[in-house]
Amino acid sequence: MWYVSTRGMAPRVDFEGALFSGYAPDGGLFMPEELPQLGRETLRQWSALSYPSLVAELCALFIGPELIPRDDLNDLIQRAFRRFRHREVVHLSRLRDGLNVLELWHGATYAFKDLSLSCTAQFLQYFLQKRGKHVTVVVGTSGDTGSAAIESVREAKNVGIIVLLPQGHCTKIQERQMTTVLEENVHVFGVEGNSDELDEPIKAVFADVAFVKKHNLMSLNSINWSRVLVQMAHHFFAYFQCVPSLDMHPLPTVEVVVPTGAAGNLAAGCIAQKMGLPVHLVAAVNCNDIIHRAVQRGDFSLSEAVKPTFASAMDIQVPYNMERVFWLLSGSDCQMTRGLMEQFERTQNVRLPEELQSKPSFQKLLWLLD
C-alpha cells in the first residue's frame, strides 16, 4: 500500500512514511493510492468481530506485513485499548425510534480521539524502537486532541511532545488534563489565539523540510493518516451494530451523524463509503459552519471570526481534512485539489467548482445537519 499527496507534487510513501510525515512536502495530506473494495462476504465476516479485531482487520489492509507483521499488529492494537473503561472499548446504545448513539468516550480523557491516538502512538513506538530513533510531536489543540495525544505518549522514552494550548478556548477539565501531567517528555505551552490560528505556524514549521528532519518533528493532529485510518473503524462498527443481518439484498443504508470540527472523522466515513460501506453521512456543525456552506452553496470561505461555543472542538473555521474529502470526491484529482487549497491559503475564500458540486458522490456523501 502506497500513499500519495492530495496535491500530487510529492513522492509517494509507505505507511511508515505517511505516519511520520504529517503534511506531505507539497503541503497536501497523504491518502492511499488505491482503496480496497470490500465485498459482501468480507463485510459479513467483519460484522462478527469485536471493535479491536475490526481495527486490526482495517489496519492490515493499509499497513503492509513487511512493515508490521500481522501478529505484531494484533498485539499493538490490543495494547492500545488496554486502558479503556468499557469491556467492548466502543459501545452502541440503542435509543427510541431507531436512533442509536455510538459511545466513543471510554478512553483515558473521555474524548473520541483516545481511540485513534492510542493506536497511532503504538505504531509510532513500534517503528521508533525498531529504528532506534526519537521524535518530537508538535500538536495544536482545540482541547481534546492535546490531552488525548499526551495520554497516548506519556512516559514513552523515544517520544517527546509539545502541545500548544490556546488560552481561554478550552474547558477547565481539558486544561487540567494537559497541564497536570508531570512526565519529562510532556511540554505544554499556553498561547494566544484559537485553534485555527495555531494551525498556521505549525503548518509553516512542517513546510520547512530541512528543519523537520533536523529536529525529528511530526504531528499527531488529524492531518496524520494513521488517525483517519483508525477512525474508519467507527463507521464500520456502527453499521454492523445497527444492521441485524447482512443477508438482505441490497444491503440497507445506515445514516451516520458525525459531529464535525476539522473533519477527520468525516473523511474517515467518506473513505469507508468508497470502500463499499452503505452509509449516508450527516456532518453536524455549529455556528462555525464552513462545511455547511461549502456543501450547500459551494462557499468554502472563512467567516469574520470563530464564534466560541460549548463544543470547542467544533469551533473550527479551517477544517483541513476537507482537503481529503475534496480529493476523494473529485476522483483523486490532485490538480483541482491543489488549486482549491492553494487559493484558500492565499485568500481564505474559495468557490467550489461546479463540476465538483454537481458530482453525485459529493451530493450523496455529505448531507448537512445545521
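This is a guided tour of a predicted model, going from its overall division to single residues.

**Before selecting anything**

Because the model is predicted, local features are reported only where pLDDT is at least 70 and side-chain atom pairs only at pLDDT 80 or more, while totals for chains, interfaces and linings use all residues. Residues are numbered from 1 along each chain as its sequence is written, and side-chain values rest on heavy atoms, with hydrogens and water left out.

**The division of the chain**

Select residues 36-219 and then 253-368, which are domain 1 and domain 2 of the protein chain; the bounds come from an automatic or database domain assignment. Their C-alpha centres lie 22 Å apart, and the contact between them takes 17 residues from domain 1 and 13 residues from domain 2, where contact means heavy atoms within 4.5 Å.

UniProt offers two annotated spans to colour, both from an unreviewed entry, with positions given in the numbering used here, feature names shortened, and annotations that may be inferred rather than shown by experiment. The record's "domain: Threonine synthase N-terminal" covers residues 3-81, a span that is 47% helix and 8% strand, with its end C-alpha atoms 26 Å apart. For "domain: Tryptophan synthase beta chain-like PALP" the record lists residues 105-323, and over these the chain is 44% helix and 17% strand, with the end C-alpha atoms 27 Å apart. Helices (H or I, at least four residues) and strands (E, at least two) are DSSP runs, numbered from the N terminus.

**The four-stranded sheet**

Next, display β5, β6, β7 and β8, which form an open sheet in the order β7-β6-β5-β8 with parallel pairing; two strands count as paired if DSSP finds at least two bridges between them. The edge strands are β7 and β8 (217-218), each of which pairs on one side only. Between β6 and β7 there are six bridges, and if you pick Leu164 you will find its bridge partner, Phe189, in β7.

Now add α6, which packs on the sheet by touching β5 (135-140), β6 and β7, and whose direction makes about 165° with that of β6. Such angles run from 0 to 180 degrees between N-to-C directions, with axes as lines fitted to C-alpha atoms, for helices over the stretch in contact. Helix α8 (residues 195-207) lies across β5, β6, β7 and β8, running at about 150° to β5.

**Helix α7 and its two sides**

Select residues 172-179, helix α7, whose buried residues are Gln174, Glu175, Gln177 and Met178; buried means under 20% relative accessible area, exposed over 50%, and partly exposed in between (1.4 Å probe, protein chains only). These buried residues are on the same side of α7 because they cover an arc of only 160° around the axis, the arc being that of the directions from the helix axis to the C-beta atoms. The cover over them includes α6 (144-153), β6 (159-166) and β7 (186-191), whereas the face turned away carries the exposed residues Lys172, Ile173 and Arg176.

**A strand pair in domain 2**

Move to β9 (residues 254-259), where Val254, Val256 and Val258 make up a covered face and Glu255, Val257 and Pro259 an uncovered one. In a regular strand the side chains alternate between the two faces of the sheet. Strand β9 pairs with β10 (residues 279-284) in the parallel sense over six bridges, and Val256 stands opposite Leu281 in β10.

**Single residues to inspect**

Gly22 sits in the loop between α1 (15-21) and β2 (30-32) and is buried, with a relative accessible area of 1%. Leaving aside residues up to four places away in sequence, Gly22 touches Phe30 and Ile223.

Val55, in helix α3 (residues 51-62), counts as buried at 1% relative accessibility. With the same sequence exclusion of up to four places, Val55 touches Ile77, Phe81, Cys119, Val230 and Ala233.

For backbone geometry, go to His249 and Pro250, which are joined by a cis peptide bond with omega about -10°; Pro250 is in the loop between α10 (225-242) and β9. Then centre on Tyr110, a residue other than glycine with a positive phi near 70°, placed in the loop between β4 (100-103) and α5 (113-131) and exposed at 54% relative accessibility. End at Glu155, in the loop between α6 and β6, which has a positive phi of about 75° although it is not a glycine and counts as exposed at 58% relative accessibility.
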